[in-house]
Amino acid sequence: MSKLVVIAYDDQFRAEEVRTTLRKLQQSHLIDLEEALVAVRDEAGEVTLLQMYKPAAAAELRRGFWNTLVGAIVMNPVLGMATDARGGAIRGALAGAGVDDEFLKDLAGTFQNGSSVLFVLVRQATPDKVLAALQGTGGKIIETSLSHEDEATLQAALDAAPPVS
């Protein structure tokens, strides 16, 4: 089963940089990514999705899920979705996929102009190598299906100063 990790960055370019690092790790067989999507909100507030595309129908279903998730964030679930019937249907679909209102509120509050968010589904990884590669990249874990211990280890790596070369 894949693990979901969502990391928010104050910089609109950092999530894509980290995703590039993860893709390099995948090429080295240190991590197996099912999906890695970056959502960027530029200084004008416009949202762009940068997605790894997979072939076949499964990719279409995932693309629909990611678009729905990011759409729910952009619509700001705290305000617009509470009374809107379509919003309620979207919230219900997301809840069925394990995405709750609290997560959407946290993410919407973090996803400000000039920021980016990295959404990653990880099948498996070599934790020590991945953590070393992510050390000091910054970001704040918004959601994860990792254990509390693994989440704390990942957040510590993101917060740590990069190694001196």
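In the predicted model, His 29 follows α1 and has a positive phi, near 65°. The helix before this residue, α1, spans residues 14-27. Its length is regular: at 1.5 Å a residue, the 14 residues of α1 should span 20 Å, and the end C-alpha atoms are 20 Å apart, which agrees.

The buried residues of α1 are Ala 15, Val 18, Arg 19, Leu 22 and Leu 25. They cover an arc of only 115° around the axis, so they sit on the same side of α1. An α-helix has 3.6 residues a turn, so residues three or four places apart point the same way. Lys 24 and Gln 27 are exposed, and they lie on the face of α1 turned away from its buried side. Several elements cover the buried residues of α1. Among them are the strands β1, β2 (31-41), β3 (47-51) and β4, together with the helix α6.

α1 also contributes to the lining of the largest pocket, with at least two residues. The same holds for β1 (3-9), β4 (115-125), α6 (127-134) and α7 (148-159). This pocket has a volume of about 450 Å³. Its lining comprises 21 residues. β4 supplies six of these residues, the largest share. Val 122, Ala 125, Val 130, Leu 146 and Leu 154 lie nearest the centre of the pocket. By class, the lining has 16 nonpolar residues, two polar residues and three charged residues.

Definitions and conventions. Residues are numbered from 1 along each chain as its sequence is written. This is a predicted model: local features need pLDDT of at least 70, side-chain atom pairs count only at pLDDT 80 or more; totals for chains, interfaces and linings use all residues. Side-chain values use heavy atoms; hydrogens and water are left out. On a 1 Å grid over the protein atoms alone, a cavity is a set of points where a 1.4 Å probe fits but cannot get out, and a pocket is an open set with protein on both sides within 12 Å along at least five of seven lines; lining residues have an atom within 4 Å of a point. Grid points are joined across faces, edges and corners, and a volume is the space filled by probe spheres set on the points. Helices (H or I, at least four residues) and strands (E, at least two) are DSSP runs, numbered from the N terminus. Ala, Val, Leu, Ile, Met, Phe, Trp, Tyr, Cys and Pro count as nonpolar, Asp, Glu, Lys and Arg as charged, and the others, Gly among them, as polar. The expected span of a helix is 1.5 Å times one less than its number of residues. Buried means under 20% relative accessible area, exposed over 50%, partly exposed in between (1.4 Å probe, protein chains only). The arc is that of the directions from the helix axis to the C-beta atoms. Contact means heavy atoms within 4.5 Å.
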